[in-house]
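User: Please take a close look at one part of this model, the place where two of its chains meet, and set it in the context of the rest of the assembly. I would like a connected account that I can follow alongside the coordinates.

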4 protein chains.
Amino acid sequence: VSSTAASTSLSLRGVFPPIPTPFDRAGEVDERVLASNLARWDGYDLAGYVVLGSNGEAVYLSQAEKVRVLQVARAAIPAGKLLIAGTGCESTRQTIELTRQAAEIGADAALVVTPHFFTVTPEGLVRHYAAVADASPLPVIVYNVPKFTHLDLDAATIARIAAHPNVVGLKDSGGNITKLGDTVRQAGAGFQVLAGSAGFFFAALALGAVGGVLALANIAPQACIDIYRLFRAGEWARAAELQRLMIPVNAAVTARYGVAGLKAAMDMLGYRGGPVRSPLLDLGADDRQALREILAAGGLLGEETP
Amino acid sequence: VSSTAASTSLSLRGVFPPIPTPFDRAGEVDERVLASNLARWDGYDLAGYVVLGSNGEAVYLSQAEKVRVLQVARAAIPAGKLLIAGTGCESTRQTIELTRQAAEIGADAALVVTPHFFTVTPEGLVRHYAAVADASPLPVIVYNVPKFTHLDLDAATIARIAAHPNVVGLKDSGGNITKLGDTVRQAGAGFQVLAGSAGFFFAALALGAVGGVLALANIAPQACIDIYRLFRAGEWARAAELQRLMIPVNAAVTARYGVAGLKAAMDMLGYRGGPVRSPLLDLGADDRQALREILAAGGLLGEETP
Amino acid sequence: VSSTAASTSLSLRGVFPPIPTPFDRAGEVDERVLASNLARWDGYDLAGYVVLGSNGEAVYLSQAEKVRVLQVARAAIPAGKLLIAGTGCESTRQTIELTRQAAEIGADAALVVTPHFFTVTPEGLVRHYAAVADASPLPVIVYNVPKFTHLDLDAATIARIAAHPNVVGLKDSGGNITKLGDTVRQAGAGFQVLAGSAGFFFAALALGAVGGVLALANIAPQACIDIYRLFRAGEWARAAELQRLMIPVNAAVTARYGVAGLKAAMDMLGYRGGPVRSPLLDLGADDRQALREILAAGGLLGEETP
Amino acid sequence: VSSTAASTSLSLRGVFPPIPTPFDRAGEVDERVLASNLARWDGYDLAGYVVLGSNGEAVYLSQAEKVRVLQVARAAIPAGKLLIAGTGCESTRQTIELTRQAAEIGADAALVVTPHFFTVTPEGLVRHYAAVADASPLPVIVYNVPKFTHLDLDAATIARIAAHPNVVGLKDSGGNITKLGDTVRQAGAGFQVLAGSAGFFFAALALGAVGGVLALANIAPQACIDIYRLFRAGEWARAAELQRLMIPVNAAVTARYGVAGLKAAMDMLGYRGGPVRSPLLDLGADDRQALREILAAGGLLGEETP
């Protein structure tokens with residue numbers, strides 16, 4: 001009962017960076033850097049943060065590390081901004097357990113990636129999300145990221161999952177804008193769709209998304225916020241123009257170089273990205289130089305201060 | 001020389017239906033019906049027609065049939081509207097031959113699908129299009145349709161192909177809106193990108209496309225034209241609203257039921273679709289009923305008259 | 001009636017090279033070279049030849065060229081060896097027409113690749129093959145080559161197709177040996193399965209295949225024949241040993257370099273391969289050198305004489 | 001030093017079932033049933049067991065559960081049979097930690113699945129396995145299972161990984177028998193390849209594999225052992241005949257019904273499979289009946305007693 005009440009009042013409007021998890025030279029979670037990055041992002045008008053998402057290298061963290069990262073993030077994130085915790089695991093019971101821990105720590109919502117090791121049927125997925133949503137004290141956001149999971153939820157299955165009152169939204173990183181529009185329609189009013197990549201942020205907003213979880217917002221928060229604000233202000237043409245400008249930058253820090261590229265870009269832009277965990281590899285010197293040129297071409301070097 | 005001059009002045013702005021090829025009960029091309037359908041479409045403000053595209057079942061036509069269909073279409077299409085002829089074949093020499101025939105018949109441009117039986121390298125594709133564009137009396141439009149070809153041209157390769165002065169544009173049916181935006185940027189001013197499906201028509205326009213080759217325009221030309229006009233008039237929010245309404249209709253006549261669905265819808269809407277060629281199968285009674293309901297929900301039944 | 005009688009008596013046992021189509025420097029079919037290559041292969045104990053298969057660049061030939069290639073091949077192939085003609089086209093009617101032409105020319109069987117541009121349903125495929133088999137004066141062999149068609153017939157669908165009395169076999173190039181074994185079982189006695197690549201020739205024979213259509217047999221016919229003979233003689237361990245030796249050679253002339261690699265290898269081994277047709281590209285100097293080394297390592301250079 | 005010595009003396013010859021993890025009705029690991037299943041399998045001449053593999057639903061177990069399952073298995077497995085522990089995790093450090101725990105518990109080897117959430121480069125994979133092999137007190141077996149990981153190691157990358165002296169073998173579940181033969185050749189003498197599915201067990205042995213990790217061995221151990229023994233005895237034709245008989249049974253308990261089918265089959269054959277963990281679903285009544293008929297057709301019902 002209370003969970004439903006909570007969920008219906010949670011707005012996912014706006015821009016959310018899915019923040020990386022910083023590691024020190026010994027490979028341990030660097031809590032101080034995590035807090036300092038959050039303090040820096042706090043100068044922007046972001047709606048909140050996704051912690052322990054794909055870009056957070058959540059699959060490389062132990063359960064204890066996940067809990068600790070959420071605690072540090074909770075302490076660093078001010079009350080007016082959301083903490084969305086990535087709590088999806090392969091099994092339903094693991095997911096429920098971590099979601100409950102996130103709730104105790106004070107997260108505002110749970111982002112639950114689709115299970116993907118085994119090929120789960122649509123019926124299995126619907127039951128999985130229903131069980132998680134039943135047990136979760138937090139509103140649940142479905143996370144569809146076919147690039148990593150090799151599973152692409154269709155609009156009809158999403159609509160079935162969305163029928164649960166404690167499932168409040170979807171982060172869709174697939175980039176199929178037609179499906180995104182159809183999902184908005186089929187899932188109905190009140191279900192909040194978030195673009196999962198800055199590459200199609202404007203298009204998603206135009207087709208009914210309410211916001212975005214954008215890796216680009218880690219390094220270019222103002223540009224992402226501007227796209228959102230221009231859109232909300234009805235200045236769609238200007239929003240689209242800014243969108244086009246950001247596509248190559250976003251491609252570099254997501255598709256081309258992945259988390260290592262995002263962290264390297266943070267290092268170049270006043271944040272602290274630091275190393276990735278193995279088996280990912282840090283960027284080599286040539287890739288760093290290429291990345292630097294892309295950031296410069298996108299107007300980001302030396303300019304991004306709140 | 002003249003071809004370059006011609007190409008730079010050819011505008012691809014607006015909406016183009018990729019028209020089906022009608023067959024009679026004996027399975028032969030029905031020239032009379034082809035002409036009558038064109039006459040009906042001519043009541044709308046379409047920019048022109050794609051003849052012998054995927055929806056034209058071009059892969060099921062003999063060379064002689066292709067020539068005849070182009071001749072009939074040329075006779076039926078008024079001077080102010082473009083005839084874009086699908087002339088892409090697997091080999092460079094076949095493509096050049098058909099393109100020259102299309103030029104003799106009076107087509108305005110050639111739509112050249114990527115060769116796809118063998119896995120051709122990017123270098124091979126660049127040389128293929130350069131050879132075709134060199135030999136073609138018509139401006140060349142690249143046609144990327146990964147659903148059928150299982151080949152998805154990336155933006156960098158498209159930009160290389162676009163460097164030829166007689167390659168004037170791209171029809172992209174892939175639906176990756178991020179890549180479409182990047183293609184517009186990388187290919188540069190003057191290169192005209194066309195959305196290849198109504199599902200992402202508005203998004204494509206917002207990211208720099210100049211028009212669309214839309215199967216939906218065969219059965220709902222006015223809705224497609226309205227999206228385009230509202231966009232051009234700066235009324236983007238209204239355009240996006242209409243876009244969202246058309247997504248389920250478009251999905252039914254393209255992704256779900258394919259050419260057979262498109263032809264069945266035409267039969268329901270005052271055009272004459274008729275049978276598909278084997279190995280495609282005509283829609284069964286249940287699918288026809290489901291399609292009828294989708295058309296009704298989309299507001300198309302009984303209303304689509306010019 | 002007569003077609004059934006014919007089909008039940010046609011044996012597909014043994015090794016069949018899918019021969020390339022030679023082109024002269026002007027890009028035209030080189031009939032003289034085609035005949036001379038066949039004369040050279042005729043020194044080996046091959047069961048016959050596949051003409052107009054994938055390696056024959058059939059998709060790059062006009063209808064007139066296809067007919068002419070079959071005529072030349074028919075004249076050059078002695079009575080005791082089979083001429084299997086690739087006659088599969090995208091449409092059922094095109095396939096029937098070419099199959100009938102092949103029969104008139106004197107082919108012994110028709111190899112019919114799955115249609116693949118549109119996604120045809122299993123029911124559509126069953127009807128397609130039934131219609132072709134009904135109309136064909138020649139026994140029909142189904143051709144499954146997912147690498148090129150992006151369609152992989154499953155064992156159950158093959159069994160449905162095989163129920164037609166004039167469908168006598170399958171060439172499976174997919175390489176899923178488990179499925180191949182299951183196909184042999186499901187299709188039942190009398191249905192003849194052919195391995196579609198030398199990489200899994202021995203394994204296929206062990207699981208019930210009767211022979212192979214092997215690109216490798218164009219350049220290493222004796223090795224392929226030896227694998228077959230050793231297998232038939234019960235000397236499986238020696239057959240497997242030879243199989244292992246041929247895997248890298250086969251990989252080079254099929255997976256790595258494709259038709260261009262096969263033709264280049266022919267040029268190195270006393271046959272005449274010559275150029276491929278565009279958009280395929282001939283091998284560059286570096287690739288030719290790498291290929292030469294692979295052939296040398298496989299013991300083929302300077303040794304392959306009948 | 002000692003790890004290298006150990007690894008070179010570890011033989012992976014023979015048949016290994018990848019055992020399921022039994023759960024009780026409350027969803028907890030059922031240690032008693034785990035031990036009783038192992039006692040029953042111990043009546044067969046199996047070479048050992050894979051514990052915590054894919055079929056062990058390892059991705060659904062907590063770290064504590066994994067440790068406990070290994071402890072129970074270690075106590076139940078007699079000294080003469082190997083305990084191969086699945087210890088692969090997404091990160092290098094997690095994998096090392098679990099591998100060390102497995103060594104302390106007394107496992108004989110570590111089976112390390114490829115990391116797969118992010119797309120790791122070949123270089124990253126080589127470094128990952130080198131780091132694990134450096135740190136592991138146990139010989140390391142690489143585990144390639146593209147059906148679940150959507151990553152298919154190629155022979156060249158496997159050979160690079162195999163160069164480490166503490167990497168002793170590969171379980172390949174991909175089913176590409178050509179690649180398996182090439183892997184045997186490229187990885188060189190001493191590197192032991194295991195078939196990862198009973199569907200291609202015989203073919204893999206013929207191409208140089210030394211044994212198999214076969215889900216089918218959980219329910220039909222004698223048939224799997226017989227294929228192996230007949231092969232080793234040089235009776236390849238009889239081995240292949242038995243192989244063909246087992247393909248449909250194997251398909252049912254792996255490809256068609258997955259872990260739930262394997263557990264249901266165990267329940268039918270005197271073992272105790274029990275329920276799967278969510279989001280997997282137990283078989284419904286219809287599927288159980290179909291499975292029962294497949295087992296009967298394969299001659300397994302009522303006959304499989306040691």
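Analyst: Between chain D and chain A, the count is four salt bridges, in a model that is predicted. One of them pairs D:Arg93 with A:Glu28, whose closest N and O atoms are 3.1 Å apart. Over all chains, a search of the whole structure finds 56 salt bridges. Within this pair, D:Arg93 belongs to helix 4 of chain D while A:Glu28 sits in the loop between strand 1 (14–16) and helix 2 (31–41) of chain A, so the salt bridge joins two chains.

Polar contacts add to this picture, since across the interface of chain D and chain A the rule finds eight residue pairs in polar contact, with both residues at pLDDT 80 or more. On the side of chain D that touches chain A, the elements giving two or more residues are helix 4 (92–105), helix 5 (122–135) and helix 6 (146–149) of chain D. Of the elements on that side, helix 5 of chain D gives the most, with four residues.

In terms of extent, 34 residues of chain D are in contact with 34 residues of chain A, and the area buried between the two chains is about 3000 Å², with carbon and sulfur atoms giving 64% of it. Three residues, D:Arg93, D:Phe117 and D:Phe118, supply 26% of the area that chain D buries against chain A, which is more than any other three residues supply. D:Arg93 therefore appears in two roles here, as a partner of A:Glu28 in the salt bridge that joins two chains and as one of the three residues named for buried area.

The geometry of this pair can be stated through superposition: a rotation of 180 degrees, with 0.0 Å of shift along its axis, places chain D on chain A with an RMSD of 0.0 Å. The two copies are thus related as by a two-fold rotation axis. In chain D, the C-alpha nearest that axis belongs to D:His150, at 3.6 Å from it. Of the interface residues of chain D, 100% are also interface residues in chain A, so the copies meet through the same surface.

Chain D has a second contact, with chain C, and it can be set beside the first. This contact takes 20 residues from chain C and 20 residues from chain D, and the two chains bury about 1700 Å² between them, 76% of it on carbon and sulfur atoms. The count of salt bridges between chain C and chain D is zero, although the rule finds four residue pairs in polar contact across their interface, both residues being at pLDDT 80 or more. Helix 8 (177–187), helix 9 (201–206) and helix 11 (236–256) of chain C each supply at least two residues of the side of chain C that touches chain D, and helix 11 of chain C gives the most to that side, with seven residues.

Here too a rotation of 180 degrees with 0.0 Å of shift along its axis superposes one copy on the other, in this case chain C on chain D, with an RMSD of 0.0 Å. The C-alpha of C:Ala203 is the one in chain C nearest the axis, 2.6 Å from it. Because 100% of the interface residues of chain C are also interface residues in chain D, these copies meet through the same surface.

Other pairings of chains are without contact. Chain A and chain C do not touch, their nearest C-alpha atoms being 18 Å apart, and no contact joins chain B and chain D, whose closest C-alpha atoms likewise lie 18 Å apart.

For the fold within a chain, chain B serves as the example. Its eight strands form an open sheet in the order 1-8-7-6-5-4-3-2, with parallel pairing. Strand 1 (14–16) and strand 2 (48–51) of chain B stand at the edges with a single partner strand each, so one side of each is left without a neighbour in the sheet. From one strand to the next, the twist averages 25 degrees. Strand 6 (residues 167–172) and strand 7 (residues 192–195) of chain B run parallel and are joined by four bridges, and B:Gly169 has B:Gln192 in strand 7 as its bridge partner. Helix 8 (residues 177–187) of chain B lies across strand 5 (140–144), strand 6 and strand 7 of chain B, and runs at about 165 degrees to strand 7.

Notes
Residues numbered from 1 in each chain as written. Chains lettered and ligands numbered in written order. Predicted model: local features only at pLDDT ≥ 70, side-chain atom pairs only at ≥ 80, totals over all residues. Heavy atoms only, no water. Contact = heavy atoms within 4.5 Å. Least-squares fit on C-alpha atoms with pLDDT ≥ 70 in both. Pairing = 2+ DSSP bridges. Axes fitted to C-alpha atoms, helices over the stretch in contact; angles between N-to-C directions. Buried area = accessible area lost by both parts, 1.4 Å probe. Salt bridge = Lys/Arg side-chain N within 4 Å of Asp/Glu carboxyl O. Polar contact = N/O pair within 3.5 Å; in protein donor to acceptor, adjacent residues only side chain to side chain.
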